[in-house]
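I opened the model and kept a short notebook while looking things up. The entries follow in the order in which I made them.

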Amino acid sequence: MASARDLAQLRLAPWRTRERKVLTTRILASIKLILLLIVAVPSLAQEGQGPLLVDELKIAGDANRTRLVVHFDRKPQADWFYLRSPHRFVLDLPQTDFLIDPTEKHTAGMARTLRFGALDEESSRLLLTMTGPFILDDFAIKQNDDETTYRLIVDFVSASPEAFETAMRSRVAPDQQADTAKPSVSEAEGPAKMTLVIDPGHGGVDGGTRGVNGTQEKIITLAFALELRSKLEKTGRYDVVMTRDRDTFLRLDERVRIAREHEADLLISVHADAIRMRNFRGATIYTLSDKASDAEAAATAARENLSDELAGMGMEEKNDEVADILVDLIRRETHSFSLRFARTLMNELTKTVDLVNNPLRSAGFRVLRAPEVPSVLLELGYLSNPEDEELLRDADWRSKAAENVIRAIDLFAEAKGGTGG
């Protein structure tokens, strides 16, 4: 479920930059004091109850040598490896709460970007994207003077591409394909219900885009998806499955797998876009196509398809389908249903939500590729636009938008012969 901290962020009005920074500093200082009091209790510190806590992170250095220091409430178990294109350092940890302001700039020296967050229910990940090839000069976990907390120290030095390749081959990335149990769909009594899969985009270490006032896409998509699920379940007309119901990372192919395993009648993937033009705003509805409908659709698909890579995952394409006439017919029928729902959704959203010009678009979104599942990707608005960001943070607006989506689902179910309406 969405944490209280995440939902609270949605209710906060945008702060002026200076006020937000001052208040954030005071909050983090208070949290740090509380943590120091907690770790002083031997029973908690020794037994290691709950997730690890990171309350401080520092990066310093120059173009030739950079140091990363991460402070933990207790001794962490950590693994790390390299990734190329771009050059990255990946640190894998047990479940960890990062008590760090994500709006603050933490990078310096060779470190270009920093990402951190949940990878799944039991683990977390920190990724540093570097300005060029590098190798580790030192990796150490040391106890602090208080004898209860620890700090992790990593020293990076610039290196040749050949040295980086050699170092990368010596550190093999851990297997990321562990099976995760998914809730099964129980048999419904009476007439069969349509199965809907709601997919909140991004999550965990993949925060998605960030709004002009700091709102993270992964929080907006989860909040809207939870609202939509709640309203759908209250109707009693549908079986609803969430690809994720908390702030955790999920591969794109895993999202598709969930929809296929549950034999979904419809997949709705929820996102919130960003663009350089801040005056550009409104919702967009995408369906799958090999050729993008326009340049902006192609660019949006390219950004969304990078989700796995940005989280430090591979982007291997898997094709388990047999290329025959039957599969081709299934894809055509699925595409027809997807277009039908997209048009219905557009008509219903116009009652509450501002849409972009030509709101029905298409491109090669990986999350929409289940051949037998009608699918759409709904970009609720542009976080890069202050007006859209304010609306997306508004619970009342999300509630009304969700009601319009449900009406579109009802009409789609009626047309398809389901139990909606």
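**Entry 1: a pair of strands**

I began with threonine 66, which stands opposite phenylalanine 156 in strand 9. The model is a predicted one, and I read it as such. I then looked up the strands themselves. Strand 2, residues 65-72, is joined to strand 9 by eight bridges. The two run antiparallel.

**Entry 2: the other neighbour of strand 9**

Next I checked strand 8. It pairs with strand 9, residues 150-158, over nine bridges, again in the antiparallel sense. I picked out one bridge here: lysine 142 has arginine 151 in strand 9 as its partner. Strands 8 and 9 make a hairpin, and six residues lie between them. In that turn I noted glutamate 147, whose phi is positive at about 70°.

**Entry 3: the whole sheet**

I asked in what order the strands of this open sheet lie. There are five strands, and the order is 5-1-2-9-8. The pairing is mixed. Strand 5 (96-98) and strand 8 (134-143) are the edge strands, each pairing on one side only. From one strand to the next, the twist averages 25°.

Is strand 9 largely enclosed or open? I counted burial along it. Seven of its nine residues are buried, so strand 9 is largely enclosed by the rest of the structure.

**Entry 4: aromatic rings**

I went back to phenylalanine 156 and searched for ring pairs. The whole structure gives 13 aromatic pairs. One of them joins phenylalanine 89 and phenylalanine 156. Their centres are 5.1 Å apart and their planes make 75°, which is edge-to-face. This pair links distant parts of the chain. Phenylalanine 89 belongs to strand 4 (residues 88-94) and phenylalanine 156 to strand 9, 67 residues apart. I checked exposure as well: phenylalanine 89 and phenylalanine 156 are both buried.

I then took phenylalanine 134 and phenylalanine 164. They form a tilted pair, 5.4 Å centre to centre with 55° between the planes. This pair also links distant parts of the chain: phenylalanine 134 is in strand 8, phenylalanine 164 is in helix 4 (residues 161-170), and 30 residues separate them. Both phenylalanine 134 and phenylalanine 164 are buried.

Which residues form the aromatic cluster? I listed Trp80, Tyr82, Phe89, Phe134, Phe139, Phe156 and Phe164. I also looked for a charge beside tryptophan 80. The charged end of arginine 171 sits over the ring of tryptophan 80, 3.9 Å from its centre.

**Entry 5: cavities**

Last, I searched for enclosed space. How many cavities of 30 Å³ or more does the whole structure hold? I found two. The largest cavity has a volume of about 80 Å³. Its lining is made of 14 residues. Nearest the centre of the largest cavity lie Leu252, Ser269, His271, Glu304 and Val367. I traced the lining to elements too: helix 6 (252-261) and strand 12 (266-273) each supply at least two of its residues.

Technical notes: Residues numbered from 1 in each chain as written. Predicted model: local features only at pLDDT ≥ 70, side-chain atom pairs only at ≥ 80, totals over all residues. Heavy atoms only, no water. Pairing = 2+ DSSP bridges. Helix = DSSP H or I, 4+ residues; strand = E, 2+ residues; numbered from the N terminus. Axes fitted to C-alpha atoms, helices over the stretch in contact; angles between N-to-C directions. Buried < 20%, exposed > 50% of the residue type's maximum accessible area, 1.4 Å probe, protein only. Phe/Tyr/Trp six-rings, centres within 6.5 Å; stacked < 30°, edge-to-face > 60°. Lys NZ or Arg CZ within 6 Å of the ring centre and 35° of its normal. 1 Å grid on protein atoms, 1.4 Å probe; cavity = no way out; pocket = protein on both sides within 12 Å on 5 of 7 lines; lining within 4 Å. Points joined across faces, edges and corners; volume = space filled by probe spheres on them.
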